[in-house]
Amino acid sequence: MRILITGGAGFLGSHLCERLLREGHEVICLDNFFTGRKANIAHLLENPYFELVRHDVIDPFKFEVDRIYNLACPASPPHYQHNPIKTTKTSVMGAINCLGLAKRIGARVFQASTSEVYGDPEIHPQPESYRGCVNPIGIRACYDEGKRCAETLFFDYHRQNQVDIRVVRIFNTYGPRMLPDDGRVVSNFIVQALRGEDLTIYGDGKQTRSFCYVDDLIEGFIRLMEHPTLTGPVNIGNPGEFTMLELAEKILTKVGGKSKLTYHPLPGDDPMQRQPDISLAKSELGWEPTIDLDAGLDRTIPYFAQLLGK
Ligand code: NAD
Ligand code: UDP
């Protein structure tokens, strides 16, 4: 198949490009390089089945493809809060442009949605039926509400225009190719530990997240995209839940060195807990994660060590 991946030069997108090329598909990677890097896909540029297009998803685009994966959007809070109006535009107009293209050419289209649609959840773990608790005017809203609106557009194009859609709700994912200055917790803690700096705990560190290793996530993407009928939304994530203090201790033990913990104010609207209910992914996609946090960190720490020359 010929497959378009928006945001293909980013962390998740580059792993997806690689996987789909390995499976024998033709891949068009569209990216504006806001948070993506040429280095993430440099090794693919010689592949005759790979094509790179510098373009912004808020402007319309046209390709003849069988599948569209829409991943374009900054994912880390410092990045998506850098220009929040642009973040909302990217989610909403990017979705409209992908859906318009899918409608015109009859392609199946996939949306990278997020656990952030659940906001600061009142029920735990979160099943897909939970409608969320998002502050629509807070500093995370550009991302959360942008992604919620994108989901709305996906389901309206599906109902109104019979567009063939797939929607995944991704929970915190980590692995090689995250940017060292990305600002997300796994990359921050590993980079700080490797540099011998203190680890920055926001708030009291008792908030929780569930961390999925990138290879598991990509497997879930492909199973959902190639499912004959399931539109989603489907949660994909690792249900193993950890406090930020537990994560920090784990990373300090693995990296060693002299780093301690320092405490900083909790950013606005930071969710207190998060854990995916993956019953749907298990029953409909036969998917569950295979790489636990320890094994995933053991694969991620060497990537950062090499990057930082440590
Ligand atoms: P990332 O920042 O590494 O990748 C995003 C990519 O999109 C980058 O290459 C960036 O340059 C590109 N991009 C951003 N705005 C664009 C625009 N207007 N036009 C074209 N390209 C644009 O982030 P990631 O972790 O790889 O996330 C990929 C997708 O998955 C995002 O949509 C994100 O919201 C979603 N997601 C990720 C996670 C996670 O834990 N990694 C969790 C939930 C959802
Ligand atoms: N966090 C932290 N120290 C950091 C970066 C993040 O304690 O250096 C916390 C952050 O406040 C949040 C959790 O780690 O509670 C996960 O943050 P991340 O930005 O990785 O993802 P998100 O909040 O979008 O789930």
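Biologist: What makes you call strand 2 mostly covered?

Modeller: Five of its six residues are buried. To earn that word, a residue needs 20 or more other C-beta atoms within 10 Å of its own. Keep in mind that this is a predicted model.

Biologist: How do you know whether Arg-177 is buried or exposed?

Modeller: Just count. Arg-177 has 22 C-beta neighbours inside 10 Å, and the cut-off for buried is 20 or more, so Arg-177 counts as buried. You'll find Arg-177 in the loop between strand 7 (173-174) and helix 6 (185-195).

Biologist: And Phe-33, buried or exposed?

Modeller: Phe-33 has 12 other C-beta atoms within 10 Å. Exposed means 12 or fewer, so Phe-33 is exposed. Phe-33 also belongs to a loop, the one between strand 2 (26-31) and helix 2 (38-41).

Biologist: Why is Leu-44 called partly exposed?

Modeller: Leu-44 has 19 C-beta neighbours inside 10 Å. Buried starts at 20 and exposed stops at 12, so Leu-44 lands in between and counts as partly exposed. Leu-44 is in the loop between helix 2 and strand 3.

Biologist: Which residues is Leu-44 in contact with, leaving aside its neighbours within four places in sequence?

Modeller: Cys-17, Glu-18, Leu-21 and Phe-50. A contact means that the two C-beta atoms lie within 7 Å. Take Leu-21: Leu-44 is 23 residues away from Leu-21 in sequence, with 8.8 Å between their C-alpha atoms. The contact cut-off uses C-beta atoms rather than C-alpha atoms, so the 8.8 Å isn't the value to test against it.

Biologist: Back to Phe-33 and Arg-177. What is special about the phi of Phe-33?

Modeller: Phi is positive there, at about 60 degrees, and Phe-33 is not a glycine. Arg-177 has a positive phi as well, near 85 degrees, and is also a residue other than glycine. Most residues other than glycine have a negative phi, so positive values like these are worth pointing out.

Biologist: What about the peptide bond from His-124 to Pro-125?

Modeller: That bond is cis, with omega near -10 degrees. Pro-125 is in the loop between strand 5 (108-114) and helix 5 (141-161). The bond from Gly-232 to Pro-233 is cis too, with omega near 0 degrees. Pro-233 is in the loop between helix 7 (214-225) and strand 11 (234-236). Most peptide bonds are trans, so a cis bond gets a mention.

Biologist: How do you know that strand 1 pairs with strand 2?

Modeller: Pairing takes at least two bridges, and five bridges join strand 1 to strand 2, so the pair qualifies. Arg-2, for example, stands opposite Glu-26 in strand 2. Strand 1 (residues 2-6) also has four bridges to strand 4 (residues 67-70), again running parallel, with Thr-6 opposite Asn-70.

Biologist: In what order do the seven strands of the open sheet come?

Modeller: The order is 3-2-1-4-5-6-11, with parallel pairing.

Biologist: What makes strand 3 and strand 11 stand at the edges?

Modeller: Each has a single partner strand, so one side of each is left without a neighbour in the sheet. From one strand to the next, the twist averages 20 degrees.

Biologist: Which strands does helix 1 touch as it packs on the sheet?

Modeller: Strand 1, strand 2, strand 3 and strand 4. The direction of helix 1 makes about 165 degrees with that of strand 2. Angles here run from 0 to 180 degrees between N-to-C directions, so 165 is towards the upper end of that scale. Helix 4 (residues 84-105) lies across strand 1, strand 4 and strand 5, at about 175 degrees to strand 4.

Biologist: Now the ligands. Which residues come nearest to ligand 1?

Modeller: Gly-7, Gly-10, Leu-12, Thr-35 and Gly-36, out of 27 residues around ligand 1. Helix 1 gives the largest share of that shell, three residues. By class, the shell has 14 nonpolar, eleven polar and two charged residues.

Biologist: And which are closest to ligand 2?

Modeller: Arg-184, Val-185, Asn-188, Thr-200 and Tyr-202, among the 15 residues that surround ligand 2. There the largest share, three residues, comes from strand 8. The classes are seven nonpolar, five polar and three charged.

Conventions
Residues are numbered from 1 along each chain as its sequence is written. Chains are lettered from A and ligands numbered from 1 in the order in which they are written. This is a predicted model: local features need pLDDT of at least 70, side-chain atom pairs count only at pLDDT 80 or more; totals for chains, interfaces and linings use all residues. Helices (H or I, at least four residues) and strands (E, at least two) are DSSP runs, numbered from the N terminus. A residue is near a molecule or strand if its C-beta atom, placed from the backbone, lies within 6 Å of it. Ala, Val, Leu, Ile, Met, Phe, Trp, Tyr, Cys and Pro count as nonpolar, Asp, Glu, Lys and Arg as charged, and the others, Gly among them, as polar.
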